[in-house]
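Student: I should like to examine this entry by question and answer. Where shall we begin?

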Amino acid sequence: MGSDVRAAQHMAHWGMFRASVSGGDVTEVHPDAGDENPSQVLGNVPGSVRHRSRIAGPAVRRGWLENGPGPSDRRGSDEFVAVSWDELTSLLATELRRVVDRYGNEAIYGGSYGWASAGRFHHAQSQVHRFLNCLGGYTRSVNSYSTGATSVVMPHVVGAHWKLFSRSTSWDVIAENTDLLVAFGGVPVKNTSINHGGTSNHPTEGALAALRARGGRIVTISPLRDDMTGEATWIAPIPGSDVAVMLGLAHVLVTENLHDTAFLDKYCTGYDTFERYLLGHTDGTPKTAAWAAQMSGLAEDTIAELAREMASRRTLVTVTWSLQRVKSGEQAPWMGLTLASMLGQIGIPGGGFGHGYGSMNEPGLAPVPYPLPTLPQGHNPVTTFIPVAAISDMLLNPGAEFDYNGDRMVYPDIRLVHWAGGNPFHHHQDLGRLRRAFARPDTVVVHDPYWTPMAKHADIVVPSTTSLERSDISCTRNDPLLVAMHPAVPRFANSRDDYDTFAAVAEKLGIAQEFTEGRTSDEWLRHLYRQWQGFLESSSVATPAFDDFWHDGSFRMATEDGLTLLEDYRRDPVAAPLRTPSGRIEIFSDVVDGYGYDDCAGHPTWYEPEEWLRGARAETFPLHLIANQPRTRLHSQLDHGATSQASKIQGREPIRLHPTAATARGIADGDVVRVFNDRGSCLAGAVLDDGMLDRVVQLSTGAWYDPEDPSDVGSMCKHGNPNVLTADVGASSLSQGCTGQHVLVQIERYDGELPPITAFDPPTLVTGTRSE
Ligand SMILES: Nc1nc2c(c(=O)[nH]1)N[C@H]1C(S)=C(S)[C@@H](COP(=O)(O)OP(=O)(O)OC[C@H]3O[C@@H](n4cnc5c(=O)[nH]c(N)nc54)[C@H](O)[C@@H]3O)O[C@H]1N2
Ligand SMILES: Nc1nc2c(c(=O)[nH]1)N[C@H]1C(S)=C(S)[C@@H](COP(=O)(O)OP(=O)(O)OC[C@H]3O[C@@H](n4cnc5c(=O)[nH]c(N)nc54)[C@H](O)[C@@H]3O)O[C@H]1N2
Ligand SMILES: [Mo]
């Protein structure tokens with residue numbers, strides 16, 4: 001391979017860059033000149049292509065190869081046998097055929113949740129879904145781990161949820177017009193590194209600075225001070241108490257007659273019912289500032305004064321997505337919108353409501369007004385689905401009933417799980433339970449470039465290329481650039497593009513023509529581009545020829561600048577009604593009320609969570625762990641990269657804790673600690689920080705799950721994955737959304753001998769007798 005030093009242009013979810021290459025790997029990354037604030041996550045890329053954790057060739061779990069398909073608790077501890085590509089594709093085709101013939105397509109779980117890589121054609125989920133659709137369909141998943149509660153409740157409340165992000169008030173409008181930004185969950189700039197499908201600029205920090213320079217004030221409401229960078233007033237309620245704080249603010253508005261009744265009358269429905277609850281007429285508890293202070297640990301005056309200030313200035317209320325990734329997660333965005341409605345500034349530049357500023361590099365960025373090139377996924381005739389975070393429930397309880405968004409549904413009996421581009425051992429809660437769940441199906445198929453814990457739990461392991469090894473086109477809804485992703489390096493070892501793998505399996509199954517339509521991947525890129533071009537031409541938008549685009553490297557699309565969320569609706573609620581039953585903002589939803597759930601009423605409601613500091617569980621597990629997104633990487637991706645590794649303490653994921661909590665436990669900065677509760681335990685490296693509540697600790701997601709004893713499902717994770725601790729429960733009967741953000745724990749100094757990190761070592765791989 002030699003030292004072929006060039007600089008191929010590439011797009012990752014965390015930014016656009018050029019990659020210098022030598023010896024078949026990336027040696028340096030050069031952020032795109034157009035990016036005003038490039039992400040440090042780029043630092044994980046050098047060395048990633050040929051890292052020892054890459055899967056070098058097709059592999060099959062020994063027990064599966066020897067005994068055939070069937071449930072097995074050896075998943076995750078068995079060794080693997082290296083096989084040829086021909087053997088792998090034959091085994092996979094035969095097994096898919098067996099499951100479809102014997103149990104029907106419903107028995108294949110193809111939800112395959114996960115972020116995979118940027119690039120519209122090689123997008124792993126699109127590939128696996130298209131492939132399985134050609135085979136006759138699969139049980140799918142709906143919603144996301146990101147916004148599981150929001151995506152179910154907000155359509156009832158405002159008739160949409162994506163629109164809240166993709167058509168949110170733009171950063172420019174906020175910088176120019178907002179006087180007071182009240183940010184529940186802060187605006188953590190670390191998270192604005194990322195947008196799905198890539199992102200060419202990072203304007204958040206600049207926008208916040210411009211807002212301050214204009215005299216705007218920022219109030220950040222979060223257990224962690226650094227959820228906001230730069231000058232701001234920091235208010236730290238105990239985690240999980242935000243809805244109580246918002247109710248307290250609302251109570252002050254009503255009792256001091258500061259709420260906008262004209263707005264509530266004209267644009268909302270059901271405010272009166274909500275107000276009776278707020279004032280305590282329905283449950284005997286007025287949600288006063290004093291009550292909210294008691295729930296949240298804040299001072300009563302802090303709440304009352306903030307409410308008055310909010311009513312007196314151009315105020316934007318924003319709620320991060322983290323606030324809905326908890327039990328009763330529907331309530332915070334619903335109540336945030338209700339609070340903004342009471343202030344009456346929705347649809348006015350710089351006022352109103354926002355959801356997800358600082359959660360993703362999407363809210364606040366201008367959207368592209370037309371569709372983007374997309375690989376068609378075909379039609380799935382199987383109607384069975386699960387809310388995405390019900391994976392363990394489904395696998396453990398076939399035939400059991402569950403609630404979801406007004407329906408009573410039944411879990412299918414899954415025989416084969418097919419995953420490409422996701423890592424459930426990153427994303428799911430209660431990993432011990434997940435391991436028991438993954439022991440149930442007959443077959444688990446995983447495509448990944450790396451020996452992630454998910455790949456180590458598979459029966460059939462399909463080595464994928466990384467996006468750096470292939471050509472693709474990237475773009476995303478709230479970014480102007482369509483980008484040519486030029487391959488930076490040759491394919492690693494015996495890996496293959498997922499597309500080529502699916503094409504080979506499709507050939508063996510007799511569905512090659514349906515899947516490939518006779519195109520190679522390069523032909524698909526041209527095809528998708530030309531299709532998109534044709535669509536734009538019909539709207540009189542000029543685009544370059546494919547070859548020019550490919551050569552130039554990018555094409556700048558038009559964007560809709562200067563948006564204000566729900567501006568149209570405010571201007572004319574009759575001409576531009578919301579897609580709710582009433583056409584208005586539903587502070588009270590008859591539909592949700594009609595479901596009769598005891599954990600999600602018809603209006604925003606305060607529900608005491610189980611995992612919180614004021615509950616009974618805190619007597620045993622007295623620290624509130626925030627399992628938030630990692631600053632140093634995207635989820636579990638490239639955890640072995642330089643930026644991620646630089647943050648580790650003795651190889652373990654850093655856990656931040658307050659000096660008071662540390663001293664009480666004899667823990668010093670840099671010590672390794674054991675974090676535990678009744679579900680599991682992990683090691684982590686202590687970092688002392690007084691910018692947090694003293695009973696809060698913070699351990700981000702994403703350290704590769706690394707059990708001390710892989711054959712024991714409850715084994716301690718040596719590396720610091722917080723999902724060994726989190727509860728596998730849905731947000732409510734309405735959404736069943738992911739609740740991984742919060743969990744109560746206890747911590748102690750770890751004085752035992754430190755077990756070595758083995759997460760990035762490939763499993764034992766024996767060479768099979770068979771060859772290509
Ligand atoms: N406790 C707790 N848990 C959480 C959260 C939380 O707040 N707290 N947050 C949740 C959220 S919001 C999310 S979105 C999820 C994220 O969970 P995931 O999206 O599952 O996490 P990733 O690490 O991004 O996994 C992507 C995988 O795709 C692989 N990959 C990359 N490119 C390709 C490709 O081209 N082909 C194939 N086949 N594979 C590829 C990567 O190597 C990686 O293993 O985690 C959730 N989990
Ligand atoms: N660098 C980086 N950026 C990312 C990701 C990543 O993995 N790495 N993942 C991306 C993805 S897929 C998603 S969905 C988004 C997720 O976006 P979010 O869900 O908004 O992100 P988190 O970092 O989990 O949480 C944001 C902050 O909320 C605060 N918080 C937690 N609980 C509470 C609470 O009860 N009350 C209040 N007031 N604040 C609380 C935490 O201190 C935390 O830092 O991030 C995206 N951005
Ligand atoms: Mo997410």
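Tutor: Helices (H or I, at least four residues) and strands (E, at least two) are runs assigned by DSSP and numbered from the N terminus. Two strands pair if DSSP finds at least two bridges between them. This is a predicted model, in which local features need pLDDT of at least 70 and side-chain atom pairs count only at pLDDT 80 or more, while totals for chains, interfaces and linings use all residues. Residues are numbered from 1 along each chain as its sequence is written, chains are lettered from A and ligands numbered from 1 in the order in which they are written, and side-chain values use heavy atoms, without hydrogens and water.

Student: Which residue is the bridge partner of Asp403 in strand 16?

Tutor: Strand 15 (residues 401-404) and strand 16 (residues 407-410) run antiparallel and are joined by four bridges. Two residues separate them in a hairpin, where Asn405 in the turn has a positive phi of about 45 degrees. Across this pair, the partner of Asp403 is Arg408.

Student: Which strands are the edge strands of the open sheet in the order 6-17-18-19-4-5-30?

Tutor: That open sheet has seven strands, and its pairing is mixed. An edge strand pairs on one side only, and here the two are strand 6 (108-109) and strand 30 (765-767).

Student: Which residue in strand 18 stands opposite His418?

Tutor: Strand 17 (residues 416-420) pairs with strand 18 over five bridges in the parallel sense. Opposite His418 in strand 18 stands Val445.

Student: How much of ligand 1 does the protein bury?

Tutor: Around ligand 1 are 34 residues (a residue is near if one of its heavy atoms lies within 4 Å), and among those that come nearest are Asp448 and Arg470. Polar contacts, which are pairs of N or O atoms within 3.5 Å, include one of 2.7 Å between a polar side-chain atom of His427 and an oxygen atom of ligand 1. Accessible areas come from the Shrake-Rupley method with a 1.4 Å probe; taken alone, ligand 1 exposes 920 Å², and the part of this that the protein buries is 98%.

Student: How many residues of the shell around ligand 1 are polar?

Tutor: Ala, Val, Leu, Ile, Met, Phe, Trp, Tyr, Cys and Pro count as nonpolar, Asp, Glu, Lys and Arg as charged, and the others, Gly among them, as polar. In this shell eight residues are nonpolar and four are charged, while the number of polar ones is 22.

Student: How much of ligand 2 does the protein bury?

Tutor: Ligand 2 is surrounded by 32 residues, and Lys190 and Asp227 are among the closest. An oxygen atom of ligand 2 lies 2.8 Å from a polar backbone atom of Gly240, and another contact, of 2.7 Å, is made by a polar side-chain atom of Ser322 with an oxygen atom of ligand 2. Ligand 2 taken alone exposes 910 Å², of which the protein buries 99%.

Student: How many residues of the shell around ligand 2 are charged?

Tutor: The shell holds 13 nonpolar and 13 polar residues. The charged residues in the shell number six.

Student: At what angle does helix 20 run to strand 20?

Tutor: Strands 20, 21 and 22 form an open sheet in the order 20-21-22, with antiparallel pairing. Helix 20 (residues 521-538) lies across the three strands, contact here meaning heavy atoms within 4.5 Å. Axes are lines fitted to C-alpha atoms, for helices over the stretch in contact, and angles run from 0 to 180 degrees between N-to-C directions. On this basis, the angle of helix 20 to strand 20 is about 35 degrees.

How values were computed: Polar contact = N/O pair within 3.5 Å; in protein donor to acceptor, adjacent residues only side chain to side chain.
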